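Aromatic side chains can be read by how their rings lie relative to one another and to charged groups. The report below takes up that question for the structure shown here.

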Amino acid sequence: MTDRPDVETLRPLISPRSIAIIGASDDPTRIGGRPLGYMLKSGFQGPIWPVNPKRETVQGLQAFASVDALPGAPDACIVAVPAAAVPDTLEALAAKGAKAAVVFSSGFAEMGEEGKAAQDRVRAIARAGGVRVLGPNCLGVFNAHNGWIATFSSSVEQELPKPGPVAIASQSGAYGSHAFALMRTRGVQTGILITTGNEADVDLADAIGYLVRDEHTKVIAAYAEGIRDGDALRAALAAAAAAGKPVIFMKVGRSAIGAAAAASHTAALAGSDRVYDGLFAQYGVLRVSSTDQLLDACYAAAHGRFPAGNRLGLMTISGGVGVQMADSAEDLGMDVAEMPKDAQRTLQDLLPYAAVRNPVDVTAQAFNDLSLVGTNLRMMLDQGRYDVVVAFFTVVAGSRTIAGPLIKILAEIRERFRERSIILSLVATGDIVRQYEDGGFPVYEDPTRAVAAAAALTGFGRFFARPAEPAPPVAPAGAPSVGTDALAEHHATDLLEAWGVPFVARRLVTSPDQAAAAAAELGGKVVLKIASPDIQHKTEVGGVIVGVQGDEAVRAAYASLTERVPLLRPDAAIDGVIVAAMAPAGVEAVVGVQNDPTFGPVVMVGLGGVLVEVLEDVSFRLAPFGVAEARRMIAELKGARIFAGVRGAPPADVEALADLLARVSVFAAAEAERLVSVDLNPVRVLEAGNGVVALDALVVPAGMVPVAIEEVA
């Protein structure tokens, strides 16, 4: 969207200096009374102006009969009036000079077409009047850093929010307040909560963008059911990545891009949920699928250490739990490297009964001499060079006689290795757990959750430590556009070749003699394919003949294609026959583009062949991107090892495949308005150093009606 206000305009909404409450109630248990009651307790320092024409005072404050009667223009207003009165209220606030409004009222787009029309009016008033509107139908916002509690949630009733490093941005008010309440029980303070509701104006991307700039916010937790402005979310996540602020995101709902998603392999595979996976990978966002995962990651990230490596050291007093943690670490892609041999010998001398490879099992005997625990941990960080150590101490470290001395030892080690993380798995009373936490050590009862936290921290650390990304390739000068007409394969390959996509040598011919001459020029065996803008999947009509050699065989193949295909597809225009060289041996991949309705063109890579949709081993990124991002796409494939060479096969040219992906992404971004999809299947990835060649291309311009895929072996 091009008319989005800058997120700095949200400052009066999230950090106001003066407040009006429209529909303020003297009853602190009512929706219009709760925020006022909360703020009277929170100590908000600015003026609070209740608007209630029926009362002279509201909860002890002077009341005003109308917006016009307010003594000044408030920064932010709470609107707690019936839906029918909201538009007029917002117009009065705009005329008064208010800068922001939190609209609790329901009865808008969630109620159908009439409500949607009312919500559209709210958006129009907000934009025309320069009032940033949160909601309608939202649970509001709070900012514990200045006492602004613009919510009617009961989650703040027993205990007001306290300043803290975590901020929550949630489309769902109920879930946002639920997450806030649970974080508080974990000792994680949520300084800011923003719930966006129906998003007539302010949306989740706005909220994240603001939190990136907020000096108090160190960790951003986000919850979404759907995104209406993909470009804005992408920009907000890019800003968070650039600022080194971790984003932990729960995106719910799994649906296909649309009912017509069947023109290519890419469309069939690019369900919108996969696109979110690609977006999050592209910008270093941790995606979680449960509230426990959200809480665990926010809790760990709030401690503020993000090691830039992936080496995990495991210390345990139980051999079995050590194996359990190692299994979990392997599932999460952590490097559980062995301790160096000389370090193992030293540890064995200190603790003859210990297992010293990694996991390092010191057994509970080490707690008879806590200095041994410290020595082991120091050696793991120093000689083992582990970026993070997870230590399983269970109830032993929960002892009051052990906790104090152990925390002192751990704190000294933590100070020496400031760039590393130490995560503990133990069971203790709440006050002892807080002592460990105050010392800078995240504590988990479940050791596998501690390992998952380590993976989250190192994931953020590696992303933040990346060198500056090279720019995407430059679009070729004078490269042609997609146009609007249906493209036969020879037109599609010519188009993409001009954008830097390599194809096998080929010729378009219109007679048997031309076919024979083209085959002789190309040399060896060739492939003949029917050329038609109306036939997207040639195998469905027997439109491909492979491995043809010799003049007479080529002439016969030409005749067979041009006679058989028109019988099966009499409606199809036939441009001729493509004669193409047989490609060298290599690994087959599929590369595609799908124009997502939310995020625009997304690029896919996967292992090629007819089983691509069955295996679904694919990776996505939003266009455009550079070669480094393309390498990461390829590395994400479960079958990526096949490119390294298996069963005696030589390594494949992954660099050339990455370059191809980057060039396709530049084409897709430049042609986004004119493009539905692209399918390159297969792409033959040749031996390392020899490049890649695409064997076939399908380009669907905007406006063309996709047809269903039916695979033919």
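What follows describes aromatic ring pairs, their surroundings and two charged groups over rings in this predicted model.

The count of aromatic pairs in the model comes to 13. One of them joins Tyr 175 and Tyr 223, whose ring centres are 4.5 Å apart and whose planes meet at 25°, so the pair is stacked, the cut-off for stacking being under 30 degrees. This pair links distant parts of the chain, since Tyr 175 belongs to helix 5 (residues 173–185) and Tyr 223 to strand 12 (residues 219–224), with their positions 48 residues apart in the numbering. Tyr 175 counts as buried at 13% relative accessibility, and Tyr 223 is buried as well, with a relative accessible area of 11%.

Another aromatic pair, Tyr 276 and Phe 280, is tilted, with 6.0 Å from centre to centre and 45° between the planes. Both residues lie in helix 9 (residues 272–282), where they are four residues apart, about one turn of the helix. Tyr 276 counts as buried at 4% relative accessibility, and Phe 280 is likewise buried, at 2%. Together with Phe 249 and Phe 599, Tyr 276 and Phe 280 form one aromatic cluster.

Charged groups over rings are listed in the table.

| Charged residue | Ring | Distance from the ring centre |
|---|---|---|
| Arg 186 | Tyr 299 | 4.5 Å |
| Arg 414 | Phe 441 | 5.9 Å |

In the case of Arg 186, the residue lies over the face of Tyr 299, while for Arg 414 the charged end sits over the ring of Phe 441.

Terms used
Residues are numbered from 1 along each chain as its sequence is written. This is a predicted model: local features need pLDDT of at least 70, side-chain atom pairs count only at pLDDT 80 or more; totals for chains, interfaces and linings use all residues. Side-chain values use heavy atoms; hydrogens and water are left out. Rings of Phe, Tyr and Trp (its six-membered ring) pair if their centres lie within 6.5 Å; planes under 30 degrees apart count as stacked, over 60 as edge-to-face and the rest as tilted. Helices (H or I, at least four residues) and strands (E, at least two) are DSSP runs, numbered from the N terminus. Buried means under 20% relative accessible area, exposed over 50%, partly exposed in between (1.4 Å probe, protein chains only). A charge sits over a ring if NZ of Lys or CZ of Arg is within 6 Å of the ring centre and within 35 degrees of the ring normal.
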